[in-house]
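The following exercises practise the reading of a two-chain model. Please attempt each task before studying its solution.

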Amino acid sequence: MSAAWAVVIVVGLATMSMKAVGPVLLGGRPLPVRLTRVVALAGPALLAALVAINTFGSGRELVLDARVVGVAAAAIALWRRAPLLLVVAIAAAATAAARAVGA
Amino acid sequence: MDRTFRDGLRAVAPFAVAVAAFGVSFGVLARAAGMGSVAPVVMSITTFGGSAQFAAAAILGEGGGVAAAVAAAVLLNSRYVPIGVTVAPWLPGGVVSRFLRAHLVVDETWALAAEGDGRYDPGVLLAAGLTLLPAWVGGTLAGVLLGDVLPDPETLGLDAAFPALFLGLLLPQVRGKRVAAVAGAAIALVLTPVTPVGVPIVAAAAATLLGLLGLREDAR
């Protein structure tokens with residue numbers, strides 16, 4: 001078996017197991033109230049982490065590059081209540097423009 | 001058609017284009033990394049987790065070996081354990097149904113299905129997952145087949161699409177939960193240079209515990 005197939009099979013099985021362990025073991029039953037309150041906070045915490053890492057992260061380094069321009073433009077568009085599709089288009093266009101001029 | 005399923009289809013549309021474009025770039029990268037043309041497509045179906053797949057392909061391409069590629073991808077996807085726990089109470093059906101619906105959980109579908117108070121809408125999750133999985137797999141196939149004739153998504157600025165989308169999903173949820181959001185972002189950024197890729201996102205989940213402590217103050 002090639003290295004690629006070994007990785008595909010092991011990562012696939014591991015990922016499916018990690019995604020399913022909660023839903024299969026706990027599924028259908030409500031969580032305890034205290035845990036539900038923690039879970040309600042998981043959304044903002046993880047989303048904010050994803051925003052930060054996808055804006056500034058490059059592997060194990062933090063970098064300032066053209067993505068910052070795009071995310072800043074997106075933040076302004078969101079503040080002006082633009083629809084999400086437009087927000088994404090603005091972010092991509094601003095980043096592409098910044099990259100084209102060498103940022 | 002279920003009403004929330006239709007809502008989900010509408011909400012997921014902005015993501016489908018970006019996800020397909022990154023599926024293309026994963027296909028191109030995986031092919032260039034020597035993964036062949038079938039294995040990357042199978043990986044997109046079975047793993048369905050963009051960042052982990054990119055990391056695995058990049059490590060294989062650099063000659064990093066199976067163990068390093070697996071370790072990085074599994075670490076990156078380990079956030080799906082806590083994420084799976086958050087959606088678990090809301091997934092209907094028997095074990096097989098819950099297993100298949102759990103497979104459709106990725107960052108984007110999970111965030112779209114969130115109702116902001118700890119509840120998750122299974123109709124939105126299903127619609128978003130059934131849109132993004134074919135977009136991701138179809139993009140991968142196109143990347144593997146068409147390779148270098150396609151423009152680089154970074155030239156088009158599409159790498160900024162994901163933080164912009166996550167920001168758009170974060171803002172409606174952040175009210176009264178700023179402590180958790182700021183702590184999550186801060187923990188992720190501080191840990192990025194000092195831990196393996198993937199750890200910062202999981203550690204940010206721990207920010208929910210800090211957020212719980214700050215909740216009373218923040219709600220005032």
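**Exercise 1. The architecture of chain A**

How many helices and how many strands does the secondary structure of chain A contain?

Solution. Begin with the conventions. The model is a predicted one, in which local features need pLDDT of at least 70, side-chain atom pairs count only at pLDDT 80 or more, and totals for chains, interfaces and linings use all residues. Residues are numbered from 1 along each chain as its sequence is written, while chains are lettered from A and ligands numbered from 1 in the order in which they are written.

Next, apply the definition: helices (H or I, at least four residues) and strands (E, at least two) are DSSP runs, numbered from the N terminus. Chain A then has four helices and two strands, arranged along the sequence as α-α-β-β-α-α.

Finally, consider confidence. The pLDDT is the predictor's confidence in each residue, from 0 to 100. Its average over chain A is 89, and 98% of the residues score at least 70. Among the elements of chain A, helix α2 (residues 33-56) has the lowest mean, 83, and helix α3 (residues 66-79) the highest, 96.

**Exercise 2. The two chains as globules**

Examine the radius of gyration of each chain against the globule rule.

Solution. The radius is taken over C-alpha atoms, and the rule is 2.2 Å times the number of residues to the power 0.38.

- Chain A: a compact globule of 103 residues would have a radius near 13 Å, but this chain has 19 Å. Its C-alpha trace spans about 50 × 45 × 25 Å along the principal axes.
- Chain B: the sequence runs through 12 helices and zero strands. The radius is 18 Å, close to the 17 Å that the rule gives for 220 residues, so chain B is as compact as a globular protein of that length. Its C-alpha atoms fill a box of roughly 55 × 50 × 35 Å, taken along the principal axes.

Contacts add a further step. Two residues are in contact if their C-beta atoms, placed from the backbone, lie within 7 Å. Among contacts between residues at least 6 apart in sequence, 39% in chain A join residues at least 24 apart; for chain B the figure is 72%.

**Exercise 3. Where the chains meet**

Which element of chain A gives the largest share of the side that touches chain B?

Solution. First, count the residues: the contact takes 68 from chain A and 86 from chain B. Secondly, list the elements of chain A that give two or more residues to this side: α1 (3-26), α2, β2 (61-62), α3 and α4 (84-100). The largest share, 21 residues, comes from α2(A). Thirdly, sort by class, where Ala, Val, Leu, Ile, Met, Phe, Trp, Tyr, Cys and Pro count as nonpolar, Asp, Glu, Lys and Arg as charged, and the others, Gly among them, as polar. This side of chain A has 48 nonpolar, 13 polar and seven charged residues.

One residue to inspect is A:Gly27, in the loop between α1 and α2 of chain A. Leaving aside neighbours within four places in sequence, A:Gly27 is in contact with B:Ala88, B:Leu91 and B:Arg98.

**Exercise 4. Buried or exposed?**

Classify A:Gly27, A:Arg81 and B:Phe48 by their C-beta neighbours.

Solution. A residue is buried if 20 or more other C-beta atoms lie within 10 Å of its own, exposed if 12 or fewer, and partly exposed in between; C-beta atoms are placed from the backbone.

1. A:Gly27 is buried, because 23 other C-beta atoms lie within 10 Å.
2. A:Arg81 has 7 C-beta neighbours inside 10 Å and therefore counts as exposed.
3. B:Phe48 has 24 C-beta neighbours inside 10 Å and therefore counts as buried.

Backbone angles deserve a remark here. Most residues other than glycine have a negative phi. A:Arg81, in the loop between α3 and α4 of chain A, has a positive phi of about 60°. B:Phe48, in the loop between α2 (38-46) and α3 of chain B, also has a positive phi, near 45°.

**Exercise 5. One side of a helix**

Which residues of α4(B) are buried?

Solution. They are B:Ala69, B:Val70, B:Ala72, B:Ala73, B:Leu76 and B:Asn77. Because these residues cover an arc of only 165° around the axis, they lie on the same side of α4(B); the arc is that of the directions from the helix axis to the C-beta atoms. Their cover includes α1 of chain A together with α3 (50-61) and α5 (80-87) of chain B.
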